[in-house]
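Me: I would like a close look at one part of this structure, its interior. Please take me through it in one go, and set it in the context of the whole chain.

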Amino acid sequence: MYLHLGKGTVIPESSIIGIFDLDITSQSHLTRKFLSMAEKAGEVVNAAEDIPKSFVVSCENNGKKSVTLSQMATATLLRRSENKSVIS
C-alpha cells in the first residue's frame, strides 16, 4: 500500500521509518541538524504546498533514504495509514 503525503506525493508504507511532528521535533538541535544534513545531501522532498506540519523519513529497498515534508498533521497521516484510505 501507498501513503499519500500531499502535493501528489505517495510513498510505500513498507518504506516508512517514522512520521514526525515538525513543530515538536524541530525544537531539538539534533533534529534540526538531521534535517539540515538531509537537505545538504539532497534527500529532502517538499510535498507541502504551504508551511509543512510533519516530515516522513523513509528508506527504499536500495538503501536510499529520503525525508519528505508534508503539510498534513501526523495524526492525519496515521489515520490514513490505519484506515487504509490510501492509494493502492
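Reply: Let's settle one term before starting: two residues are in contact when they have heavy atoms within 4.5 Å of each other. With that in hand, among the contacts in the chain with a separation of 6 or more, 52% are between residues 24 or more positions apart. Please keep in mind that this is a predicted model.

First, the frame around the interior. The chain has three helices and six strands, and from the N terminus on they follow the order β-β-β-α-α-β-β-β-α. The radius of gyration is 12 Å, close to the 12 Å that the globule rule gives for 88 residues, so the chain is as compact as a globular protein of that length. Along its principal axes, the C-alpha trace spans about 35 × 30 × 20 Å. About 5,600 Å² of surface is accessible, and carbon and sulfur atoms hold 52% of it. As for what is hidden, 32% of the 88 residues count as buried.

Now to the interior itself. The largest nonpolar core has seven residues: Leu22, Leu35, Ala38, Phe55, Val57, Val67 and Leu69. Helix H2 and strands S5 and S6 are the elements that give two or more residues to this core. A separate core, apart from the one just described, has six residues, including Leu3, Val56, Met72 and Leu77.

Val57 is a good place to stand inside the larger set, since it is listed among the seven residues of the largest nonpolar core. Setting aside neighbours within four places in sequence, Val57 contacts Ser15, Ile16, Ile17, Gly18, Phe20 and Phe34, and also Lys65, Ser66 and Val67. Two of those names are worth following further: Phe20 and Val67.

Take Phe20 to begin with. The structure holds one aromatic pair, and its partners are Phe20 and Phe55, which are stacked with 5.1 Å centre to centre and 25° between the planes. Phe20 sits in strand S3 (residues 16-21) and Phe55 in strand S5 (residues 54-59), so the pair ties together parts that are 35 residues apart in sequence. The two rings differ in how much they are covered. Phe55 counts as buried because its relative accessibility is 3%, under the 20% cut-off. Phe20, with a relative accessible area of 32%, is partly exposed. Phe55 also appears in the list of the largest core.

Val67 leads us to the helix. Glu39 lies in H2 (residues 29-40), and its C-alpha is 8.5 Å from that of Val67, although the two are 28 residues apart in sequence. Val67 is a member of the largest core, whereas Glu39 counts as exposed because its relative accessibility is 58%.

Next to Val67 in sequence comes Thr68, found in strand S6. With a relative accessibility of 2%, Thr68 counts as buried, because that is under the 20% cut-off. Leaving out residues up to four places away in sequence, Thr68 touches Leu5, Thr9, Val45, Ala47, Ser54, Phe55 and Val56. Among these partners is Phe55, the buried ring of the aromatic pair. Val56, another partner of Thr68, belongs to the six-residue core.

Thr9, also touched by Thr68, takes us out to the first hairpin. Strand S2 (residues 9-12) has a covered face made of Thr9 and Ile11, and an uncovered one made of Val10 and Pro12. S2 runs antiparallel to strand S1 (residues 2-6), with four bridges joining them. Gly6 stands opposite Thr9, and Tyr2 has Pro12 as its bridge partner. Leu3, one of the residues in the six-residue core, falls within the span given for S1.

The hairpin of S1 and S2 has two residues between the strands. One of the loop residues is Lys7, and its phi is near 55°, a positive value in a residue other than glycine. For background, most residues other than glycine have a negative phi. Gly8 is found in that loop too, and with a relative accessible area of 65% it is exposed, because that is over the 50% cut-off. To finish with distance, the C-alpha atoms of Gly8 and Asn83 are separated by 19 Å, and the two residues are 75 apart along the chain.

Technical notes:
Residues numbered from 1 in each chain as written. Predicted model: local features only at pLDDT ≥ 70, side-chain atom pairs only at ≥ 80, totals over all residues. Heavy atoms only, no water. Buried < 20%, exposed > 50% of the residue type's maximum accessible area, 1.4 Å probe, protein only. Pairing = 2+ DSSP bridges. Phe/Tyr/Trp six-rings, centres within 6.5 Å; stacked < 30°, edge-to-face > 60°. Rg over C-alpha atoms; globule rule 2.2 N^0.38 Å. Areas by Shrake-Rupley, 256 points an atom, 1.4 Å probe, with all protein chains shown as cover. Core = buried A, V, L, I, M, F, W, Y, C linked by side-chain atoms within 4.5 Å.
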